[in-house]
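User: I should like to understand how the terms used for a structure are justified. Please take me through the reasoning step by step.

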Amino acid sequence: MTITMRRYSGPADLRAMQDLTQRVRSTSGVYHVGDLAWGRLHTTQQADWPIGLWESQGEVIAWAWAHLPDDLRLEVDPEHSWLLSEILDWFDHLAGDHSRAIEALDAQSDLRAVLLRHGYEPQDEAPFFAYHSRDLIDLPDPVLPDGFIARAVRGEEDLDRRVEVHQAAWNSTRVTLESYRKVMAAWPYRPELDWVIEASDGRFVANCLIWHDDLHQVGLIEPVGTHPEFRRLGLARAVCTAALHALAKEGGKSAIVNPRGDDAYPVPQILYQGMGFRPYTRTRAYQKSGTP
């Protein structure tokens, strides 16, 4: 079997990465197809995030995404798990004398073993993400204060306000009109699953985007936010609940969300567990010091 490695070259490669993630997806996997779409398209820092693709007979069997200088994300077909060592060598070369960090799920025993062999050390006190799931049976109705409505985004006509509420909620300008337009054009984005809360003055004050993997009938909530001036009104719960109803209507059977799980950032986990989400696994952090 001939395996070749090359660098990422454009949107078609993103789709090939998503195909691999969808093929191998299970509760032991870190990523959902929506993670890749959102992560690749919402930022202007792509030049610092080199991606390598490993292919066999024209099919991507592994990808590695270096968030330089110190973070790596990767997906490997279990039938080719030996590529994990090659990918870590590739990351060592890119990272140079910087420290490196990788997260693995509890169930990823192959990856965790390879990380230890490559000099990575567990970081038991590091922040982590708690993976939660719930089915879409018996969803409650969204509850909104007077003067607010929940609705799906209406494409380009809502683009300005959709970007504004994200920027306000996250106190960040990394999401721009240009980057969100790319998000809206990417697979598997659906405007029917991009929900907002609209105030009586027309402002968008909360948002929830769900990405639907229709092969596995599971939606990923990523991201959710509420404008700082409108927090503690139940709007995050309301917009997520409305979006989950839309996911069920689109054929989804379950939803997942991956908030921080450590005590330093407890609010999102409290929100989702209050909506019926239950944790099923978590990430473990590994770190390797830079080259002396």
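User: How do you know that the length of helix H3 agrees with its number of residues?

Analyst: In this predicted model, helix H3 comprises the 13 residues 83-95. The expected span is 1.5 Å times one less than the number of residues, which gives 18 Å for H3. The C-alpha atoms at the ends of H3 are 18 Å apart, so the two values agree.

User: Which residues of H3 are buried, and what is the phi of glycine 96?

Analyst: The buried residues of H3 include Leu83, Leu84, Trp90 and Phe91. Asp92 is also among them. Glycine 96, just after H3, has a positive phi of about 60°.

User: Why is cysteine 208 not bonded to cysteine 240?

Analyst: A disulfide requires two cysteine sulfur atoms within 2.5 Å. The cysteine sulfur closest to that of cysteine 208 belongs to cysteine 240 and lies 3.8 Å away, which is too far for a bond. Cysteine 240 is likewise in no disulfide. A search of the whole structure finds zero disulfides.

User: What makes cysteine 208 and cysteine 240 count as buried?

Analyst: The term buried applies under 20% relative accessible area. Cysteine 208 has 0% relative accessibility and therefore counts as buried; cysteine 240, at 0%, therefore counts as buried also.

User: Why is histidine 67 called buried, and which side chain does its own contact?

Analyst: Histidine 67 has a relative accessible area of 7%; the cut-off is under 20%, so histidine 67 is buried. This residue is in strand E3, residues 59-67. The side chain of histidine 67 makes a polar contact of 3.2 Å with that of tryptophan 65.

Conventions: Residues numbered from 1 in each chain as written. Predicted model: local features only at pLDDT ≥ 70, side-chain atom pairs only at ≥ 80, totals over all residues. Heavy atoms only, no water. Buried < 20%, exposed > 50% of the residue type's maximum accessible area, 1.4 Å probe, protein only. Helix = DSSP H or I, 4+ residues; strand = E, 2+ residues; numbered from the N terminus. Polar contact = N/O pair within 3.5 Å; in protein donor to acceptor, adjacent residues only side chain to side chain.
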